[in-house]
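Dear colleague,

I am passing on the structure we spoke about, together with notes on what I found in it. Please read them with the model open beside you.

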Amino acid sequence: MANGFCIELLKAKTGDSFIVECGDEALFVDGGTRSTAKYLKRYLQESGSSKLKGVFVTHVDRDHIGGIAKLYSQFGNYVPKTAPVYMNHPQLISVCDNQNGLVTFEDGDNLKDLLLKNGYRLEEATTGKTINTDKIRVEVLSPDTVVASKLFKNWEKFDKDDGLVSSDFIEVDCLKEPLEPKNNLLSDIINASSISFIVKYEGKAALFLSDTIPEVITNNLNSKTKFDVVKVSHHGSKHNTSMELLKKIDCNNFIISTNGPRSYGHPNADTISRLILSCINHGYSECNLIFNYQKVRDRILIKNIPEGFHVNLIYSESITL
């Protein structure tokens, strides 16, 4: 990766995994599925473990936590103990009494136990927390402690299947304004409680939306905010990006991380349409949609693009801000 503010988009299958490099400092954001661990290990081998200043596990879906769990369980000797791991767990955040009992979320519990047993620092990350390294500033937008508490009261074993990767085309009509998604906080508590944050370095800002629902971020962004790039929530799901949220996000560069399984329907045409429409509404002349899988980018078909406006579908393994 080059010097400056760079984001490496790893092949995380259905999930997310990014290496955020800011000069001589770096952050890991999620670990994708277990197979992604080899990329994280390779980075530490080639770049030096001392560069790593923090690891974010935004939530415990297996397509986000899997590679991190494997990294620490099988390649832990490469990971510096000076780099905190930010992961929200019931033992780190005060949880209201649960009259229904508490069932452990196996992957999250196992990673927590492994980290503490081997002397790693495990820290919570909730709304309002600011994390500063020598070069990097991270501002946590979500979850707030109330949302986190709701998750932990329903902490349970959860699994996902990668599903079959789709080859269907995704048709986006720019003349058709999509309806707003309807979310229920309690029905989507796992995603609503995702850690979302802003990474700032040398005047640049990247917004990482993990898998959170749009209402959570809309409530925590006080006004329209300029970003150099946004990692779109939940792999471009239909339900996790709203026009109400995009009114507050002034940006025309969007990362969509997914290998495009048929069963999940990621990325969704309505979400892509909303991203394009938001760029138009904010006065941009183009919209850049960045994919970490070429086969997903090649499935996107866009029609009725307004005259003079451009939509750039980009496959890339890294971007430099």
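Strands β1 and β2 (residues 18–22) pair in the antiparallel sense over 5 bridges, and within this pairing F5 stands opposite C22 in β2. Please bear in mind throughout that the model is a predicted one.

These two strands belong to an open sheet of 7 strands, whose order is β6-β5-β4-β3-β2-β1-β19 and whose pairing is mixed. The edges of that sheet are β6 (122–123) and β19 (318–320), each of which pairs on one side only.

There is also an open sheet of 8 strands, again with mixed pairing, in the order β7-β8-β10-β11-β13-β15-β16-β18. Here the edge strands, each paired on one side only, are β7 (130–132) and β18 (310–315), and from one strand to the next the twist averages 20°.

Within the sheet of 8 strands, several neighbouring pairs can be followed one after another. Strand β11 (residues 204–208) runs parallel to β13 and is joined to it by 3 bridges, with F208 having K231 of β13 as its bridge partner. Strand β13 (residues 229–231) is in turn joined by 2 bridges to β15 (residues 253–256), the two running parallel, and V230 stands opposite F254 in β15. From β15 the sheet continues to β16 (residues 286–291) through 4 bridges, once more in the parallel sense, and I255 stands opposite I290 in β16.

The connection between these last two strands deserves a look of its own, since β15, helix α8 (residues 269–281) and β16 make a right-handed β-α-β unit. Helix α8 contains C279, which has 0% relative accessibility and therefore falls under the 20% limit for a buried residue. C279 and I249 are 30 residues apart in sequence, while their C-alpha atoms are 9.5 Å apart in space.

Turning to the aromatic residues, how many aromatic pairs does the structure hold? There are 7 aromatic pairs, and I describe two of them here. F5 and Y201 form an edge-to-face pair, with 6.0 Å from centre to centre and 80° between the planes. That pair links distant parts of the chain, since F5 lies in strand β1 (residues 5–9) and Y201 in strand β10 (residues 196–201), 196 residues apart. F5 counts as buried because its relative accessibility is 2%, and Y201 counts as buried because its relative accessibility is 7%.

The second pair, F56 with Y86, is stacked, at 4.8 Å centre to centre and with 20° between the planes. This pair too links distant parts of the chain, with F56 in strand β4 (residues 52–56) and Y86 in strand β5 (residues 85–86), 30 residues apart. Both residues are buried, F56 at 0% relative accessibility and Y86 with a relative accessible area of 5%. Ring pairs also link F18, F56, Y86, F197 and F208 into a cluster; of these residues, F208 is the one that has K231 as its bridge partner in β13.

Two tyrosine rings have a lysine charge placed over them. The charged end of K11 sits over the ring of Y293, 5.5 Å from the ring centre, and that of K81 sits over the ring of Y120, 4.8 Å from the centre.

Among the helices, α2 (residues 62–74) may be worth inspecting. Its 13 residues reach 17 Å from the first C-alpha to the last, close to the 18 Å expected at 1.5 Å a residue. Which residues of α2 are buried? They are D63, H64, I65, G66, G67, I68, A69, L71 and Y72.

Lastly, strand β9 (residues 170–173) has a covered face made of I170 and V172 and an uncovered face made of E171 and D173. Strand β9 runs parallel to β17 (residues 300–303), to which 4 bridges join it, and the bridge partner of D173, from the uncovered face of β9, is K303 in β17.

With best regards

How values were computed: Residues numbered from 1 in each chain as written. Predicted model: local features only at pLDDT ≥ 70, side-chain atom pairs only at ≥ 80, totals over all residues. Heavy atoms only, no water. Pairing = 2+ DSSP bridges. Right-handed = clockwise from strand over helix to strand, strands pointing away. Phe/Tyr/Trp six-rings, centres within 6.5 Å; stacked < 30°, edge-to-face > 60°. Buried < 20%, exposed > 50% of the residue type's maximum accessible area, 1.4 Å probe, protein only. Lys NZ or Arg CZ within 6 Å of the ring centre and 35° of its normal. Expected span 1.5 Å × (residues − 1). Axes fitted to C-alpha atoms, helices over the stretch in contact; angles between N-to-C directions.
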